[in-house]
Amino acid sequence: MTAAAPFEIFLAALPGLETLLAEEARAAGFASPAAVPGGVTVTGGWPEVWRANLVLRGASRVLVRIGAFRAFHLAQLDKRARKVDWAAVLRPDRPVRVEVQCRASKIYHARAAAQRIERAIAETLGAPIGGEEAIALKVRIDDNLVTLSLDSSGEPLHRRGHKQAVGKAPLRETMAALFLRACGFDGQEPVLDPMCGSGTFPIEAAEIAAGLAPGRDRSFAFEDFASFDADAWATMRAPAPAIPAEARFFGSDRDDGAIRMATANAARAGVADRTDFRRQAVSDLIRPEGPAGLVMVNPPYGARIGDRKLLFALYGALGARLRDRFAGWRVGLVTSDEGLARATALPFLPPAPLVAHGGLKVRLFRTAPLP
């Protein structure tokens, strides 16, 4: 792996969202995006690694493929790990943590494999091993092929650095961004969430409309890599002028605490002037003035919060209000329960793939513009 040669970059995604992330990466100008199980591969150099962390809204983390070799036993793993040019990617003064997964390989003891690689790094580079702040080297041993990947993100990328308060079952920002994309949102239309909780959908939509990079206010693991160029990174992350506010983004919830959370989160994200949060029951939902847009909602599912039987009435009331008052608007609804989705009596298009969310499998249900 040389500084000039492009290498493989893996954009991790929740299973079920790979195709949407590939679309986002293609739209953002990354080279050769290909959806694979668990994420998307692109090619590029270190600036593309930095940019992926900074601008991609749907990636969970960004991994850098730094090498691969065959190994059939621990001694061979040790020998070949010592031939890796660790100094090209790691610094001797930054701790490293090795995480190994083994599958269908003669080397099957993940901890023993991790110890061999850790020792190779410590003895050839001099870097300390372990600790909470350590750079993560992710090693996959699959069919005796050892693939080495550096986690360039550190904290998961859904942690944008703005949301300090969350509700009981928060939707990750990365999921919200890709569900917005799946519904055709491009920043030019209003978005309304009638059960907004901590405000994830309206805030994410407002940031997209404003042209704000999701990673603008946080740090990344790659800042401790040997390849890091602080000046080039400072230039890349310099904020672009905000796109003038046109569309508005609305959230409502019956809970006062949720509205306070959402309002504070929007202020931290710098989109308070584009968002409008208010306490309101679904039965009192009113169509905002102006053009039609997109209703995005992540209602309770009953699997963890509330009683499923009671939720049928809630979903039914939501559907009735949207059918009565939101002609021309599209709807995106996220739930783990297709029966609850059908209780809205909304004219859903064929459902999207299942996506893992907090131990459940959820699905996006979409409509065309309502009649």
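**A walk through two sheets and a core**

Aspartate 217 is partly exposed, since its relative accessible area comes to 48%; on this scale buried means under 20%, exposed means over 50%, and partly exposed is what lies in between, with a 1.4 Å probe and protein chains only. Before going further: this is a predicted model, where local features need pLDDT of at least 70 and side-chain atom pairs count only at pLDDT 80 or more, while totals for chains, interfaces and linings use all residues. Residues are numbered from 1 along each chain as its sequence is written, and side-chain values use heavy atoms, with hydrogens and water left out.

Back to aspartate 217, which sits in the loop between H6 and helix H7 (230–237). Helices (H or I, at least four residues) and strands (E, at least two) are DSSP runs, numbered from the N terminus. Leaving out residues up to four places away in sequence, aspartate 217 touches Arg160, His162 and Arg237, where contact means heavy atoms within 4.5 Å. With histidine 162 there is a side-chain to side-chain polar contact at 2.8 Å. That term covers a pair of N or O atoms within 3.5 Å; within protein, one must be able to donate a hydrogen and the other to accept it, and residues adjacent in sequence count only if both atoms are side-chain atoms. Alanine 269 is 52 residues away from aspartate 217 in sequence, yet their C-alpha atoms are 8.9 Å apart in space.

Now for the sheets. One is an open sheet of 7 strands, ordered E2-E3-E1-E4-E7-E6-E5, with mixed pairing. Strand E2 (31–36) and strand E5 (96–103) are at its edges with a single partner strand each, so one side of each has no neighbour in the sheet. Neighbouring strands here are turned by 25° against each other on average, direction ignored. Two strands count as paired if DSSP finds at least two bridges between them. Helix H3 (residues 74–81) packs on this sheet, touching strand E4 (61–70) and E7, and its direction makes about 115° with that of E4. Such angles run from 0 to 180 degrees between N-to-C directions, using axes fitted as lines to C-alpha atoms, for helices over the stretch in contact.

Strand E1 (residues 7–12) is mostly covered, with 5 of its 6 residues buried. On one pairing, 6 bridges join E1 to strand E3 (residues 39–44) in antiparallel fashion, and alanine 12 has glycine 39 in E3 as its bridge partner. E1 also pairs antiparallel with E4, over 4 bridges; there isoleucine 9 is matched with valine 64 of E4.

Further along, strand E6 (residues 135–142) and strand E7 (residues 145–151) pair antiparallel over 6 bridges, with lysine 138 bridging to serine 149 in E7. Serine 149 counts as buried because its relative accessibility is 2%. Its side chain still has a polar contact, 2.8 Å from the side chain of arginine 65. Setting aside neighbours within four places in sequence, serine 149 is in contact with Leu63, Val64, Arg65, Ala136, Leu137 and Lys138.

The other open sheet has 7 strands in the order E10-E9-E8-E11-E12-E14-E13, again with mixed pairing. Strand E10 (275–279) and strand E13 (355–357) are the edge strands, each pairing on one side only, and the twist averages 20° from one strand to the next. Strand E9 (residues 249–253) runs parallel to E10, joined by 5 bridges. Phenylalanine 250 has aspartate 276 of E10 as its bridge partner, and serine 252 stands opposite arginine 278 in E10. With helix H8 (residues 256–269), E9 and E10 make a right-handed β-α-β unit; right-handed means that, with the strands pointing away from the viewer, the path from the first strand over the helix to the second runs clockwise. Helix H9 (residues 308–325) lies across strand E11 (294–297) and strand E12 (330–335), at about 170° to E12.

Which residues touch the most other members of the largest nonpolar core? Among its 109 residues, they are Leu11, Trp86, Ile121, Leu137 and Phe179. Helix H6 (residues 200–210) supplies the largest share of this core, 6 residues. Such a core is a set of buried Ala, Val, Leu, Ile, Met, Phe, Trp, Tyr and Cys residues joined through side-chain atoms within 4.5 Å.

Phenylalanine 179 is one of the buried residues of H5. Helix H5 (residues 173–182) is mostly covered, with 8 of its 10 residues buried. Beyond four places in sequence, phenylalanine 179 is in contact with Leu17, Leu171, Phe201, Met296, Val334, Val355 and Leu364. Just after H5, glycine 184 takes a positive phi of about 85°.
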